[in-house]
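Visitor: Can you walk me through this one, and tell me how each label is earned?

Guide: Sure, have a look first.

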Amino acid sequence: MKYVYKITSILLIIFVLTGCITVQDTKDNPEFTSFTEELFRSEANSDSLTLNYTLTHPEHYGITELPKGFSSLSYEDLASSGLAYENLLATLETYDRDSLSLEQQILCDTLRDTLETNCQGAGYAAFSEALGPVTGIQAQLPVLLAEFRIEDRDDLEQYFSLLITTPNYFRSLLELERKKKELGTLSCRATLEHIIRQCKEFMQADGLSILTKTFEKKTAGFSFLSEQGKKDFLTRHHECIRQYLTPAYQELIQGLEALLPDAPADGSLSTRPDGGSYYAYLVRRTTGSSLSVSELEHLLTTKLQTAKETLMAYAKKDPSLFRSCQRYTADYPTPDSILTALQKRIPADFPKISGNSYEIKYVDEALEEYLSPAFYLTPPIDGSDTNVIYINNSNRFDASSLFNTLAHEGYPGHLYQTCYMHSKNLPRLRYLLDYGGYTEGWATYAEIYSYKYTGISKNEVGILRNNMIVSLCLYGLCDLGVHARGWNKEELLTFLNQYGSWSSSTADSVYDAVVDEPASYLKYTVGYLEFMRLKEKMKKELGDSYTEKKFHTYVLDMGPTSFDILEQYINRKAA
């Protein structure tokens, strides 16, 4: 899971682009650069958290007036945002595409794709969601604040502005939930209960203490403050936690509890007004694929069956391989040993990057129950030498999977892809365009590919890869079944038992996860399968001259975008 913060964004995804790709490349168009740079500054400066995670030195990018904490959300603003996107699209269309350089053309196509998607998304403002058991801001905020970079007095004041504005921001989220109740799109009772329980347990475990610990550690290194100044800010920080953050979480709990009687029991989006069409939009936006829900169902079913048959063939050939294929885990006892091995082994298949470093951290015990098994925190664009991977030591997660988990988060997954992208000096707006299908699809591809580097046999690698593909397709089909077909828990269990023996409690957990975060699984599954489709296309195009490194270099050089756009440029950039 790539952990990058965004409250709102003009920068989402999807729509199929049409038109020819011009052959010639030109120099950058300065007027287009000015237009996109202004968009970059506006988006980067939208709130204090986004700015801190985007830029180390905003003044170097023409940003002198800093935001004041969080920006509140409202249904009315979200619903009327389509006009702003349409105006931006109209401006974008005034630029002669043939006058743009190659990188500007890719940016132009990706920005158009994003804006068209956002125009469509404005029509689904009633489904807007900032809260969620895994990706919701209430779950992410403690870690994001703990990792907030403070290098000078401006950063310090930005940090405190976030603490102070959290109550109003949370109130705006509650108001949005109340509006959704009126419109019939409120999250189901189980999801609200998960969020409430999470917040209660977090507060009971003194989860906000992580902020006190990290701030005390940071304060000791504040060279821009006197010793008395450090003491004053420590006191101020303690007061802000007491006066703002603690009441914000308490008010959020109370507000969500008040909504419980009106929350529907059924978690399927298909039961909401326009829920089916919203889910189809959400799938396209989340995955970056133009395939319809029906086409995705067919794709995932086909891949699931193929992977299952492959595993059965391995079992018939040598069943002992299913016991021995995990033996490699003993060779990599620590995260550093895994990441060191991966860094040494990937250069044969992936383009070289240099100058990147990482720090391993562990999730605070108060947060273990709610966060992913591991996640990568994206560094600022102008500070990509600072990379942090968090590992969750919760007993909910299998420690034996740490090798492939760190391949997903580290090398050649998120950390590697992000550092490579930063080294390419792409148009800055590209770094803010959010394409989860690309980023999570790439990390999933990297995770599955990484079994090659474990030192086990080719057949054992095949078992591990196909086993993961089966899991990805199963979870993806569960998501589609619940939200597009309206499956209940019993129907989901019946489906899962076609592919093994599943207990009711395990199937219920899958159902709850799918309901809590609609389409979330699909960006991993569909993203991976789209990359595999592009790989096969390039193999056919290049024939004997194809290499894995050529494919990986092409994908990484392009950077996050939709899979249609990736495919459009494949003949031009990869030859």
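Guide: Let's start with a strand: in E4 (residues 388-391), Val388 and Tyr390 point one way, Ile389 and Ile391 point the other way, and all are buried. Strands here are DSSP runs of E, at least two residues long, while helices are runs of H or I with at least four, both numbered from the N terminus. Buried means under 20% relative accessible area, exposed means over 50%, and partly exposed is in between, with a 1.4 Å probe and protein chains only. Bear in mind that this is a predicted model, where local features need pLDDT of at least 70, side-chain atom pairs count only at pLDDT 80 or more, and totals for chains, interfaces and linings use all residues. Residues are numbered from 1 along each chain as its sequence is written, and side-chain values use heavy atoms, with hydrogens and water left out.

Visitor: What makes E2 and E4 a pair?

Guide: Two strands pair if DSSP finds at least two bridges between them. Strand E2 (residues 359-362) and E4 have four, in the parallel sense, so they pass that cut-off. Tyr362 has Ile391 of E4 as its bridge partner. On the antiparallel side, E4 pairs with strand E3 (residues 374-377), again over four bridges, and Ala374 stands opposite Ile391.

Visitor: Why is the protein chain called as compact as a globular protein of that length?

Guide: The chain holds 23 helices and four strands. Its radius of gyration is 24 Å, close to the 25 Å that the globule rule gives for 575 residues, so the label fits. That radius is taken over C-alpha atoms, and the rule is 2.2 Å times the number of residues to the power 0.38. The C-alpha box is roughly 70 × 60 × 50 Å along the principal axes, and 56% of the residues are buried.

Visitor: Which residues have the most contacts inside the largest nonpolar core?

Guide: Tyr416, Trp442, Leu492 and Phe531, in a core of 122 residues. Helix H17 (residues 458-485) gives the most to this core, with 13 residues. A second, separate core of 54 residues includes Leu141, Val143, Leu156 and Ala263. The name "nonpolar core" is for a set of buried Ala, Val, Leu, Ile, Met, Phe, Trp, Tyr and Cys residues joined through side-chain atoms within 4.5 Å. As for Phe531, its contacts (heavy atoms within 4.5 Å) include Trp442, Tyr445 and Phe551, leaving aside residues up to four places away in sequence.

Visitor: How do you know that Cys108 has no bond to Cys119?

Guide: A disulfide is a pair of cysteine sulfur atoms within 2.5 Å. The sulfur of Cys108 is 15 Å from the closest cysteine sulfur, in Cys119, so that is too far for a bond. The structure holds zero disulfides. At 2% relative accessible area, Cys108 counts as buried, and so does Cys419 at 9%.

Visitor: What makes Asp206 partly exposed, and Asp274 exposed?

Guide: Asp206 has a relative accessible area of 47%, so it is partly exposed. Asp274 is at 55%, so it is exposed. Asp206 lies in the loop between helix H7 (189-204) and helix H8 (209-219), with phi near 55°, a positive value in a residue other than glycine. Asp274 has phi near 60° and is found in the loop between helix H9 (227-259) and helix H10 (275-287).

Visitor: Which peptide bond is cis?

Guide: The one joining Tyr411 and Pro412, with omega about 0°. Pro412 is in the loop between helix H14 (402-409) and helix H15 (414-423).
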